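Okay everyone, thanks for coming along. I'd like to walk you through one structure today, a piece at a time, so have a look at it first.

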Amino acid sequence: MKHIKLIIVASILFGFIGCKEEPKQDDKETRTISETAKTQMKKKEVVYQVFTRLFGNTNSNNKPWGTLEENGVGKFNDFTDKALKEIKELGVTHIWYTGVPHHDVITDYTSYGISNDDPDIVKGRAGSPYAVKDYYNVNPDLAEDVDNRLQEFEALIDRTHKAGLKVIIDIVPNHVARNYNSLTNPEGVSSFGADDNTQVTYALDNNFYYNPGESFSVPEWRDGYQPLGGENHPLSDRQFDENPAKWTGNGSRASQPDMYDWYETVKVNYGVSPDGQKDFSELPEGFENEDYKQHFEFWKDKQVPSSWKKFKDITLYWTAKGVDGFRYDMAEMVPVEFWSYMNSAIKMENPDAFLLAEVYNPSLYRDYIKKGKMDYLYDKVQLYDTIKHVMQGHGKTDNIPPIQKDLADIEHHMLHFLENHDEQRIASPEFAGSALKGKPAMVVSATISTSPTMIYFAQEFGEDGSEDAGFGKPSRTSIFDYIGVPSLQRWVNNKQFDGGASTTDEKELRDFYKRLLNFTINSSALASNYEDIHQYNRDNTENYNDKVLSFARWSDDEQLIVISNFDSEHGQEFELNIPEGIIQSWALENQNYKMHDALYNSYSSEISVENGKGRINIKLDPLQSFILKLKK
């Protein structure tokens with residue numbers, strides 16, 4: 001669903017790009033965590049993103065475009081106490097239940113008072129989780145008893161908390177389903193668009209933008225695509241009644257959007273006129289330095305657009321039900337002032353709320369963190385893209401340390417990942433072709449900063465995303481259709497959640513993730529200081545090359561050297577040099593100190609300190625990493 005070119009065009013369209021970038025901290029090679037960050041965070045956090053409808057599905061039929069009855073679907077109740085215990089013990093602190101709000105689906109639920117959804121404006125048979133139809137209820141597919149679907153999710157929230165995990169769900173403020181219609185609004189709450197003046201293109205309190213006098217037309221299908229794979233369906237008739245036509249979610253103003261537009265959604269109006277004028281108050285100069293309480297106070301006496309109030313009410317509704325945080329889809333397509341308004345209100349209810357945003361434009365990072373009061377943003381276009389190139393064999397590790405240097409002042413806020421629902425599976429031929437190539441990358445991603453780490457369900461088994469589910473192409477596990485996830489199903493093992501049917505390779509890979517993630521959430525060093533030693537060794541160490549990466553992490557009571565070999569064919573052997581500044585920070589004298597690998601405890605070496613500098617003999621196998629921990 002995400003196309004970065006469209007994102008940038010739409011952002012420019014509404015005047016959201018061009019926010020003043022905050023100055024970065026000075027160019028120091030050593031990053032010492034700030035006192036502010038220390039008070040915010042004691043240990044690293046790990047988010048487990050799980051596509052809720054796929055997790056407990058044990059049906060392995062996997063027919064392209066298969067129905068719920070043919071291919072099966074997972075339920076809220078599949079997240080049993082045992083399943084959640086195993087996820088927790090993987091080294092997870094937060095679970096992001098993706099696809100919870102009620103979005104468009106093709107399955108018929110009219111017997112429960114839910115209107116059918118039209119295949120002409122639905123992607124796939126199970127529907128996009130980012131075309132939300134009702135924010136005050138949950139996807140009926142996920143319930144054993146559709147009438148009690150909300151209560152089943154509330155019970156899942158309680159089970160998750162009892163397992164020691166925190167709950168994150170999606171909120172998509174930029175767009176909603178074309179046929180948004182909440183059946184379960186709280187008293188006094190109207191649905192999006194219900195009170196709009198549809199005779200004008202734009203009005204401050206309209207929730208949508210309109211093309212008066214024009215009706216919506218279904219896109220022209222091409223490149224072999226047909227809704228539901230061409231299956232006959234009474235509603236698949238190239239007709240959808242929307243008069244006047246609304247603007248489409250990615251910013252397209254056409255009454256007939258292109259099939260590659262986000263045609264299943266409509267753009268939400270945040271008080272930005274078609275010519276880019278902001279019809280709301282802007283934050284005062286320097287207000288990015290104020291905390292969320294001051295931001296909350298700022299908005300208390302301000303008039304804000306209707307859409308702002310509706311989304312604030314939605315997030316507070318879920319916060320009151322025990323949801324601990326939100327992942328915001330396409331946050332940069334919504335004005336930063338709105339985020340200040342809504343996030344400060346959430347923090348007033350739950351100061352520990354985990355607020356994660358999808359932002360792809362680095363020039364906007366500091367505004368969305370500081371002005372928008374986001375806790376975390378995706379580090380996609382810098383760290384993820386760079387590591388992906390290294391994993392694929394055509395990138396250099398030399399390009400990784402400059403990213404950490406560039407983001408040094410906000411590094412804690414840049415969430416790291418190697419997989420999510422938008423990205424290709426590591427093991428897919430289109431990415432790396434082998435889950436093992438993710439091991440050094442995962443060590444680097446999880447240990448190079450104080451930021452949270454995120455993994456995508458079945459990443460820990462090496463899932464390759466090769467199933468042809470229907471809408472979209474293999475390499476990404478489908479989010480649009482009913483499908484089974486083979487490697488996950490082997491671990492689920494008929495809902496015993498014990499890996500009883502997993503292969504040896506899957507068990508070994510999961511063990512690696514479990515060791516790594518548990519180490520990260522318990523390490524004080526990974527919540528503290530960082531220094532790059534890669535370039536120092538590139539300049540001073542024989543046989544040290546651009547397939548290797550090394551850095552130091554330390555706290556008062558833990559000292560680490562992290563070193564990874566991204567080469568899948570060749571081992572590495574050299575004498576790693578440790579600069580004088582690190583030796584001084586660690587208060588090491590001129591003698592030898594033992595170091596052992598904290599991941600597997602099967603490798604040990606010594607750091608030999610002479611004349612204030614250190615040396616460590618290193619021997620790495622292909623794709624091997626060490627987290628060497630100092631023993632004083």
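Let me start with a question: which residue just after H8 takes a positive phi? That's Gly322, and its phi is about 105°. Before I go on, keep in mind that this is a predicted model.

So, what about H8 itself? It has 15 residues, and at 1.5 Å a residue they should span 21 Å; the end C-alpha atoms are 21 Å apart, so the two agree. The buried residues of H8 include Trp308, Phe311, Ile314, Tyr317 and Trp318. Ser306, Ser307, Lys310, Thr315 and Thr319 are buried in H8 too.

Now to H6, residues 149-162. We can try the length check here as well: with 14 residues at 1.5 Å each, H6 should span 20 Å, and because its end C-alpha atoms are 20 Å apart, that agrees. Which residues of H6 are buried? They are Arg149, Leu150, Glu152, Phe153, Leu156, Ile157, Arg159 and Thr160. And what do they pack against? Two helices are on the list, H5 (81-89) and H8 (306-320), along with the strands E3 (94-98), E4 (101-103), E5 (132-138) and E6 (166-171). So that's where H8 comes back into the story. After H6 comes Gly164, which has a positive phi, near 90°.

Next up, the barrel. It is closed, it has 8 strands, and the order is E2-E3-E6-E11-E12-E13-E14-E15, with parallel pairing. From one strand to the next, the twist averages 30°. As a reminder for the newer folks, strands of a sheet pair through backbone hydrogen bonds, either parallel or antiparallel. Take one pair from the barrel: E11 (residues 325-328) and E12 (residues 354-357) are joined in the parallel sense over 4 bridges. If you want to find one of those on screen, look for Gly325, whose bridge partner in E12 is Phe354.

Let's turn to helix pairs. H7 (residues 292-299) and H9 (residues 336-349) have axes that come within 8 Å and cross at roughly 115°. The two helices are therefore roughly perpendicular to each other. H7 passes H9 in a left-handed crossing. On the H7 side, the contact is made by Tyr292, Lys293, His295, Phe296 and Trp299, and on the H9 side by Glu337, Ser340, Tyr341, Ser344, Ala345, Lys347 and Met348.

The other pair is H13 (residues 438-447) with H15 (residues 504-522), where the axes come within 10 Å and cross at roughly 15°. Here the helices are therefore roughly parallel to each other, and the crossing is right-handed. From H13, the residues that meet H15 are Lys439, Met442, Val443, Ala446 and Thr447. Their opposite numbers in H15 are Leu509, Phe512, Tyr513, Leu516, Leu517 and Thr520. H13 is mostly covered, with 9 of its 10 residues buried; among them are Gly438, Pro440, Ala441 and Val444.

Sticking with Ala446 for a second: how far is its C-alpha atom from that of Val381? They are separated by 17 Å, and along the chain they are 65 residues apart. Val381 sits in H11 (residues 380-391), and its relative accessible area is 25%, so it counts as partly exposed. Apart from neighbours within four places in sequence, Val381 is in contact with Tyr360, Pro362 and Tyr365.

Pro402, in H12 (residues 401-406), is another partly exposed one, with a relative accessible area of 45%. Its C-alpha is 40 Å from that of Glu264, and the two are 138 residues apart in sequence.

Last stop: some antiparallel strands. E16 (residues 529-532) points Asn529 and Glu531 one way and Tyr530 and Asp532 the other way, and all are buried. E16 runs antiparallel to E17 (residues 548-554), with 4 bridges joining them. Asp532 stands opposite Phe551 in E17.

Then there's E19 (residues 572-578), where 5 of the 7 residues are buried, so this strand is largely enclosed by the rest of the structure. E19 is joined by 7 bridges to E22 (residues 613-620), and the two run antiparallel. To spot one bridge, find Gln572 and then its partner in E22, Leu620.

That's my tour, so over to you for questions.

Notes:
Residues are numbered from 1 along each chain as its sequence is written. This is a predicted model: local features need pLDDT of at least 70, side-chain atom pairs count only at pLDDT 80 or more; totals for chains, interfaces and linings use all residues. Side-chain values use heavy atoms; hydrogens and water are left out. The expected span of a helix is 1.5 Å times one less than its number of residues. Buried means under 20% relative accessible area, exposed over 50%, partly exposed in between (1.4 Å probe, protein chains only). Contact means heavy atoms within 4.5 Å. Two strands pair if DSSP finds at least two bridges between them. Axes are lines fitted to C-alpha atoms, for helices over the stretch in contact, and angles run from 0 to 180 degrees between N-to-C directions. Angles under 35 degrees count as roughly parallel, over 145 as roughly antiparallel, 65 to 115 as roughly perpendicular and the rest as oblique. A crossing is left-handed if the near helix is turned anticlockwise from the far one by less than a right angle, and right-handed if clockwise.
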